[in-house]
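Here is a short report on a protein model, written for the bench. Look over the sequence and the fold before reading on.

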Amino acid sequence: MSVWAILVAAGRGERLGLDRPKAFANLGDEPLLAEPLRRLDACPWIDSIVVVAPPGWEEPAILLAEEEGCGKVRACVAGGEQRSDSVQIGRAHV
């Protein structure tokens, strides 16, 4: 049985007042998205990861996963208007 993780990182970051989505806001020297990507990739129970990114940020999310050496990321899809929409989009992709 294959175990999939859905990483929902589709927030726009509006409340933070950023010019980019919050998943790409820096925490120290790296984007917030880097740490959960690494942790999910390192988890022995997880076989595959689907990243749900803000619309238009799918490619940067994939590039970050590649830079972090996250080989379990199988897809990156655009999220929806609300968090629940993004979760459903991620689930549908699995």
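Which residues have the most contacts inside the largest nonpolar core? They are Leu7, Leu33, Leu37, Ile49, Val51, Ala61 and Val73, in a core of 19 residues. The model is a predicted one.

**Nonpolar cores**

Several elements feed this core. Those giving two or more residues to it are the strands β1 (4-8), β4 (48-53) and β5 (73-78), together with the helices α1 (34-42) and α2 (58-67). A second core of five residues stands separate from it. Val8, Val50, Val52 and Val77 are included in that second core. As a general point, nonpolar side chains in soluble globular proteins tend to be buried together.

Val73 shows how the largest core is joined up. Setting aside sequence neighbours within four places, Val73 is in contact with Leu37, Ile49, Val51, Ile62 and Ala65. Of these partners, Leu37, Ile49 and Val51 are also listed with Val73 among the residues with the most contacts inside the core.

**Cysteines**

How many disulfides does a search of the whole structure find? The count is zero. A disulfide is a covalent bond between the sulfur atoms of two cysteines. Here the sulfurs are too far apart. For Cys43, the closest cysteine sulfur belongs to Cys70 and is 13 Å away, so a bond is ruled out by distance. For Cys70, the closest is in Cys76, at 12 Å, which is again too far for a bond. The cut-off for a disulfide is 2.5 Å between the sulfurs. Cys43 is buried, at 16% relative accessibility. Cys70 is buried too, with a relative accessible area of 7%.

**The largest pocket**

The largest pocket holds about 460 Å³ of space. Its lining has 20 residues, and the closest to the pocket centre are Ala10, Gly11, Arg12, Gly13 and Lys22. Two elements give two or more residues to the lining: β1 and α3 (83-93). What is the make-up of the lining, by nonpolar, polar and charged residues? Nine are nonpolar, five are polar and six are charged.

**Three residues in their surroundings**

Ala78, Pro44 and Glu68 can be taken in turn. The table gives a C-alpha to C-alpha distance for each.

| Residue pair | Separation in sequence | C-alpha distance |
|---|---|---|
| Ala78 and Glu30 | 48 residues | 22 Å |
| Pro44 and His93 | 49 residues | 22 Å |
| Glu68 and Ser86 | 18 residues | 23 Å |

Ala78 lies in strand β5. Ala78 counts as partly exposed because its relative accessibility is 27%, and partly exposed runs between 20% and 50%. Beyond its neighbours within four places in sequence, Ala78 is in contact with Val52, Ala53, Pro55, Glu58 and Ile89. One of these partners, Val52, is a member of the second core.

Pro44 sits in the loop between α1 and β4. Is Pro44 buried or exposed? Pro44 is exposed, at 67% relative accessibility.

Glu68 is in another loop, the one between α2 and β5. Its relative accessibility is 26%, so Glu68 counts as partly exposed. Not counting residues up to four places away in sequence, Glu68 touches Glu30, Ala34 and Arg38. Of these, Ala34 and Arg38 fall within the range of α1 (34-42).

Note on methods. Residues numbered from 1 in each chain as written. Predicted model: local features only at pLDDT ≥ 70, side-chain atom pairs only at ≥ 80, totals over all residues. Heavy atoms only, no water. Buried < 20%, exposed > 50% of the residue type's maximum accessible area, 1.4 Å probe, protein only. Core = buried A, V, L, I, M, F, W, Y, C linked by side-chain atoms within 4.5 Å. Helix = DSSP H or I, 4+ residues; strand = E, 2+ residues; numbered from the N terminus. Contact = heavy atoms within 4.5 Å. 1 Å grid on protein atoms, 1.4 Å probe; cavity = no way out; pocket = protein on both sides within 12 Å on 5 of 7 lines; lining within 4 Å. Points joined across faces, edges and corners; volume = space filled by probe spheres on them. Nonpolar A, V, L, I, M, F, W, Y, C, P; charged D, E, K, R; others polar.
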